[in-house]
Each structure stands twice: as C-alpha cells, then as structure tokens.
2 protein chains.
Amino acid sequence: MDNTKVLIVGTGAIGSFYGGKLDCAGAQVSTLCRSDYNHIKKSGISVKSVMGDFHFMPYEVINKIEDYSSIPDYILVTTKVLPGIDIQKIIEPKVGKNTAIVLIQNGIDIEKPVREAFPNNEIISGLAFICVSRTSLGEIYHQDYGRLIIGNYPNGLSPKVKYLQSLFIKSEVDCTVDDNIVNSRWKKMIWNAPFNPISVIGGGVDTKTILENSEAKNLVINVMKEVLEIANKSGYNLPETLIQKNIEDTLNMKPYKTSMLLDYENNRPLEVEVILGNAVKIARDLDLSVPNLKALYSLLLLLDKNNI
Amino acid sequence: MDNTKVLIVGTGAIGSFYGGKLDCAGAQVSTLCRSDYNHIKKSGISVKSVMGDFHFMPYEVINKIEDYSSIPDYILVTTKVLPGIDIQKIIEPKVGKNTAIVLIQNGIDIEKPVREAFPNNEIISGLAFICVSRTSLGEIYHQDYGRLIIGNYPNGLSPKVKYLQSLFIKSEVDCTVDDNIVNSRWKKMIWNAPFNPISVIGGGVDTKTILENSEAKNLVINVMKEVLEIANKSGYNLPETLIQKNIEDTLNMKPYKTSMLLDYENNRPLEVEVILGNAVKIARDLDLSVPNLKALYSLLLLLDKNNI
C-alpha cells in the first residue's frame with residue numbers, strides 16, 4: 001500500500017477512470033462528488049474497460065471539500081473548464097504547501113488562473129487521449145485509448161510528475177512525460193480546435209462526414225493552420241506536417257463523434273472558451289489574424305447559449 | 001382587361017403573391033404548380049395580406065409546362081435556386097422569341113445559367129423585400145413589406161421592365177426599377193450573406209439574438225465587409241456605410257427569423273450555393289480572401305446535407 005494521497009475533483013468519466021487506475025496502483029484515492037455522491041459512497045465506481053473491467057471504492061467519498069480528512073499530495077482536477085466552475089475556489093481549502101495540482105483537462109491556457117491563485121504550488125498539466133463516458137450513476141465505460149501525457153506547468157519534470165507517472169504505469173496506463181507540456185497542449189489543439197466545434201456547428205456530424213465534404217475539410221485544415229501559427233508565434237514548435245498527419249490519422253479512425261458533440265447532444269455546456277476563446281485571445285495579443293477560429297468561436301457561442 | 005400573358009413558374013409564397021398582384025392589375029396570369037395543382041385548379045389561391053386580403057384564380061392552372069396554351073410575354077420564375085432545379089429545362093418549351101424571363105429570386109449570379117441557355121431573350125432580374133409564407137394548400141400569408149426592385153440583366157431598363165413595373169404599381173406593389181440591378185443584388189447580399197446562414201448555423205437564432213452577442217455581431221460585420229469587397233472589386237459600387245446602416249436597420253426591426261432558417265426548420269433544402277457558394281467562387285476568381293464567407297459556406301453545406 002502506497003501512502004500517496006490523491007483527491008479527485010470532478011468524478012466524471014475521466015476522473016473516475018484515472019482515479020480508479022491510481023487506486024489500482026495502491027494510492028489512497030478519494031473523490032469529491034456531486035450528483036453521484038450517494039451512489040458512489042455506497043457502491044463505489046464500476047469501470048467497464050477495454051483494458052479489463054474493475055471496481056473502484058474511493059478511500060473517502062465527499063461532497064464538500066471541507067469534509068476531506070487530510071491534505072492531499074495530489075489534487076487531480078478533471079472537471080470541464082467552464083466559466084461557471086471556479087475551480088480555484090473549490091480546491092482552495094485543501095491545497096497545502098506540498099500539494100501538487102494536476103489538471104487533466106482540455107484546451108489552452110487552462111493553467112493560468114490556477115497558477116495565479118496558487119503561485120507557490122506545483123502545477124502538473126495533463127492531456128488525456130481517451131474515449132470514456134459515464135453511462136449511469138457510478139458507472140463508467142472506457143471504450144478506447146487511454147494515453148496520458150503529463151508535465152509541469154509551464155515546463156519541467158519534477159519528482160512528483162515522475163512519481164505520478166510511475167503510479168499510472170504500474171496500473172498499465174500508457175503515461176508519458178513531457179517537459180514542455182504546453183507544446184503538447186497546442187499539438188492536441190490542432191485536432192480539437194477544428195473537429196470539436198465543427199462537429200457541433202455542422203449539425204451533429206462525425207469526423208468522417210466532415211472530412212468527406214471537401215469544403216469542410218478545407219475549413220478543418222484552415223483552422224489547423226491558424227492553431228499552428230499561434231503556437232509557433234507563441235514560441236512553441238509545431239511542424240507543418242502535423243496538419244497532414246492529423247488529417248490522415250482521423251481518416252484512419254472509425255467515424256468518431258467528438259466529446260463536444262456528445263456534450264451538445266446532452267444539453268451540457270461546451271468548453272467554448274478554452275477550446276476556442278483563449279486561442280482567439282492569444283492570437284489577438286500576438287496580432288495574428290485567425291478568421292476561421294473567430295468564426296467558429298462566434299457560432300459556437302450562439303449555439304452553446306441556446307442549448308443549455 | 002390587359003392582354004399581357006404572364007406565366008408563373010414556382011407557385012409558392014412569392015409566386016402566388018406577386019402573380020396575384022399582376023392578376024389584380026388585369027394581366028392574364030397563369031400558374032405552373034406542383035403540389036398545390038389540384039387545389040389551385042379548383043379553388044385558386046387565397047392571400048391573407050397586410051395590404052388587404054384577396055383571392056386569385058389563375059387564368060390557366062397547369063402542372064406540366066407543355067399544357068400552357070400559348071407563349072407568355074413574361075415568364076416569372078419564383079422558385080428557390082437549388083442545384084436540383086434545372087429552371088432552364090423547365091421553362092424552355094414556353095420561352096418564345098419575345099418572352100421576357102423575370103427572375104425574382106435570392107442570391108448572386110442566378111441569372112448566368114439563364115442567360116447562357118437563352119442568349120437572345122430579355123432577362124429581367126428582380127429582388128423582393130417581403131415577408132410572405134405559404135400556410136397551407138393554396139393559402140398564402142403576407143405578413144410584412146412587399147417592395148420589389150426590377151431591372152434588365154445585366155443592366156438597363158427596357159420597355160418590358162417599365163411595363164411590368166406599371167402593372168405592379170397599379171396593384172399597389174411598391175415596385176422600383178434599377179438600371180444596374182446586379183448592384184442592388186449585391187446590396188441585398190450584404191444582409192442575406194451573414195444573417196441567413198448565421199441564423200441557421202448558430203442554432204436557429206433570430207436577428208436580435210445574433211446582434212446581441214458581440215462576437216456574433218462581429219462575424220456579421222466581417223461577412224458584410226467581405227461581400228462589400230467582392231462587389232466593389234467586381235465593379236459595383238457599395239459604400240462602406242451600408243454595413244452600419246444594415247446593422248442599425250436590423251436592430252430596429254422586430255426580431256426576425258430568416259427565410260433560410262424557416263427552410264431549415266422545415267427540412268427544406270437551403271440556397272447555399274447562390275447565397276454563399278457563388279460569392280465564394282467570384283472571390284476566388286478575383287483573388288480575394290474571404291475566410292468568413294468560406295467558413296459559413298463549409299458549415300452550411302454540412303448542415304444542409306444533414307437536414308434534407
């Protein structure tokens with residue numbers, strides 16, 4: 001038994017899956033729950049997974065962060081990044097001097113407000129490449145993939161990053177580290193920035209439908225170019241070849257409904273700001289013209305507002 | 001009684017309304033019908049109108065153009081402009097040497113294929129500013145406006161244009177003529193190109209909702225700028241002030257659902273090509289960059305394809 005204390009904030013699909021994996025690795029994993037609180041407190045979390053099903057009974061199940069009995073070594077934040085969720089305020093009572101804040105979330109510049117609120121804490125930024133969804137109360141379905149990339153924000157690889165990696169690897173999660181994690185974040189944005197919004201705005205279309213339409217494919221490529229330009233002008237290093245690679249990889253995937261589309265279809269709020277808004281803001285600061293990103297951003301704001 | 005023979009092709013809301021008005025003015029107005037054929041043949045068309053209700057019994061009601069007993073002075077085409085509708089082929093049997101082809105339709109470059117098919121016929125291009133819809137079989141509801149602008153394509157004002165205007169004026173339609181009708185078409189596009197697509201793509205939003213969102217309003221303005229640029233580089237003359245005027249006029253209108261949105265909500269095909277596709281093509285020929293129009297075009301293609 002490992003004594004590492006992990007507190008999961010956001011016990012949805014991602015939090016349940018990776019929390020469960022850390023539990024398998026022997027860490028003391030507790031969960032802050034909302035809607036699933038009663039169910040998980042009583043029955044834990046069942047994970048149906050392509051890697052093998054497992055059951056996860058958190059060490060402590062709480063619905064108010066103040067109820068957590070100690071100060072965690074890691075706070076693993078796996079909520080969506082939405083204007084209505086003030087994650088800094090939520091975690092504040094349990095962020096100790098030595099607590100590393102791990103953000104496994106989508107989008108760009110998601111670490112900034114956390115860095116500002118906790119200037120002296122270690123921040124670990126993480127990217128999950130996974131198909132996983134919550135099927136019912138306390139039930140998670142892990143359909144495909146599962147890779148994780150983690151690294152310190154804004155850069156570097158601390159012992160805590162490496163230790164967290166070792167826990168994930170112990171439970172067979174393909175976890176790699178990156179000492180320039182923001183670069184990886186931009187890399188992921190090359191896919192997310194076009195496909196997530198277009199799948200929603202285009203009327204609920206999967207990746208194949210998008211790429212089969214030559215005009216829509218051009219739009220995808222134009223958005224990718226803009227993301228690449230912002231990243232490279234921000235000092236990161238994304239080769240132009242990534243665009244072709246992302247297109248080809250997507251064509252080789254099974255037709256895929258993006259997570260943003262699933263959110264939209266379930267009338268859940270969309271991560272408009274961190275997928276598009278922040279990128280548009282950075283472009284403006286860099287004096288870059290990104291008309292395609294801006295158009296998608298405007299349209300997605302309209303759709304999102306009408307959908308909740 | 002006037003002996004002018006008018007054949008309406010496309011007896012939907014627009015065709016029924018303006019056809020009815022020409023009938024009121026004393027012309028011999030016949031209609032080519034599809035779904036409403038039996039009903040109209042028996043009962044004619046009832047128009048509920050802010051200008052005063054009226055009933056219109058066409059001179060001949062036909063469902064195959066070959067059945068029309070003569071050659072008309074005017075063929076009034078009021079169908080949507082869609083890839084599936086080969087209007088040249090439809091009207092061909094009844095286009096005589098002296099038949100003027102009147103196109104009261106939306107979009108840009110709609111006259112080109114007609115000009116190519118009938119190089120020696122007079123073409124009258126028309127723009128309708130009207131809120132009118134078909135409420136049931138043979139029933140039309142004219143809610144607001146009604147202004148018409150007509151002129152020869154590509155330019156000029158023939159006696160036939162002026163005579164048609166006189167008929168409309170006789171029945172109290174506010175009909176003006178324009179010897180540079182394509183310029184007016186571009187002017188109308190300044191409004192149509194942003195509002196029609198964005199109302200659909202933005203998730204079924206009215207004009208007020210669009211303009212209340214500052215990002216969406218910016219998108220509207222950016223699209224308007226692109227339309228203005230294409231028109232002016234094509235040799236037309238649209239002052240920059242038209243943009244502000246269109247925004248202000250729209251803010252002063254009641255919240256308005258565009259006709260494209262109504263089509264979308266009723267799973268009817270959208271005029272994607274003539275509202276956006278043709279403008280994008282002209283921009284390409286002129287070597288103009290129109291990223292916003294292109295983005296809307298791509299997204300609307302996806303939506304339209306999924307909707308029919």
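Biologist: In this model, how much area do domain 1 of chain A and domain 2 of chain A bury between them?

Modeller: Here's the general idea to start with: the size of an interface is often given as the accessible area lost when the parts come together. Now the case in hand, and keep in mind that this is a predicted model. Domain 1 of chain A and domain 2 of chain A bury about 1700 Å² between them, with 55% of that on carbon and sulfur atoms. In domain 1 of chain A, the residues that lose the most area to domain 2 of chain A are Lys80(A), Asn106(A) and Ile108(A), and together they make up 38% of what that side buries.

Biologist: Where do I find those two domains along the chain?

Modeller: Domain 1 of chain A runs over 5-179, and domain 2 of chain A over 183-307. Their C-alpha centres lie 25 Å apart. As for who touches whom, 21 residues of domain 1 of chain A are in contact with 18 residues of domain 2 of chain A.

Biologist: How many salt bridges and polar contacts cross the interface of domain 1 of chain A and domain 2 of chain A?

Modeller: The rule finds two salt bridges across that interface. Try picking out Glu111(A) and Arg185(A) on screen: their side chains meet in a salt bridge, at 2.9 Å from N to O. There are also 13 residue pairs in polar contact across the interface of the two domains of chain A, both residues at pLDDT 80 or more.

Biologist: Which strands supply the side of domain 1 of chain A that touches domain 2 of chain A?

Modeller: Look at β8 (123-136) and β9 (139-152) of chain A, which each supply at least two residues of that side. The largest share, six residues, comes from β8(A). Sort the residues on that side of domain 1 of chain A by kind and you get twelve nonpolar, five polar and four charged.

Biologist: OK, next the two chains. How much area do chain B and chain A bury between them?

Modeller: You can read it the same way. Chain B and chain A bury about 2100 Å² between them, 67% of it on carbon and sulfur atoms. The contact takes 24 residues from each of them, chain B and chain A. On the chain B side, Glu215(B), Leu299(B) and Leu302(B) supply 27% of the area buried against chain A, more than any other three residues.

Biologist: How many salt bridges and polar contacts are there between chain B and chain A?

Modeller: The salt bridge count between chain B and chain A is zero. For polar contact, the rule finds two residue pairs across that interface, both residues at pLDDT 80 or more.

Biologist: Which helices of chain B should I look at for the side that touches chain A?

Modeller: Go for α6 (181-201), α7 (207-212), α8 (214-233) and α12 (291-307) of chain B, since each supplies at least two residues of that side. The largest share comes from α12(B), with twelve residues. By kind, the side of chain B that touches chain A divides into 14 nonpolar, eight polar and two charged residues.

Biologist: By what turn and shift can chain B be laid on chain A?

Modeller: In general, two copies of a chain are related by a rotation about an axis and a shift along it. Here, a turn of 180° and a shift of 0.0 Å along the axis lay chain B on chain A, with an RMSD of 0.0 Å. The two copies are therefore related as by a two-fold rotation axis. The same surface serves both copies, too: 100% of the contact residues of chain B recur in chain A.

Biologist: Last topic: the backbone. Which residues does a cis peptide bond join in chain A?

Modeller: The background is that most residues other than glycine have a negative phi, and most peptide bonds are trans. In chain A, a cis peptide bond joins Tyr153(A) and Pro154(A), with omega about 0°. Pro154(A) lies in the loop between β9 and α5 (159-170) of chain A. In chain B, Tyr153(B) and Pro154(B) are joined by a cis peptide bond as well.

Biologist: And what is phi of Asn267(A) near?

Modeller: Phi of Asn267(A) is near 55°, a positive value in a residue other than glycine. You'll find Asn267(A) in the loop between α10 (259-265) and α11 (272-285) of chain A.

Note on methods: Residues are numbered from 1 along each chain as its sequence is written. Chains are lettered from A and ligands numbered from 1 in the order in which they are written. This is a predicted model: local features need pLDDT of at least 70, side-chain atom pairs count only at pLDDT 80 or more; totals for chains, interfaces and linings use all residues. Side-chain values use heavy atoms; hydrogens and water are left out. Domain bounds come from an automatic or database domain assignment. Contact means heavy atoms within 4.5 Å. Buried area is the accessible area (1.4 Å probe) that two parts lose on being put together, summed over both. A salt bridge is a side-chain nitrogen of Lys or Arg within 4 Å of a carboxyl oxygen of Asp or Glu. A polar contact is a pair of N or O atoms within 3.5 Å; within protein, one must be able to donate a hydrogen and the other to accept it, and residues adjacent in sequence count only if both atoms are side-chain atoms. Helices (H or I, at least four residues) and strands (E, at least two) are DSSP runs, numbered from the N terminus. Ala, Val, Leu, Ile, Met, Phe, Trp, Tyr, Cys and Pro count as nonpolar, Asp, Glu, Lys and Arg as charged, and the others, Gly among them, as polar. Copies are superposed by least squares on the C-alpha atoms of residues with pLDDT of at least 70 in both.
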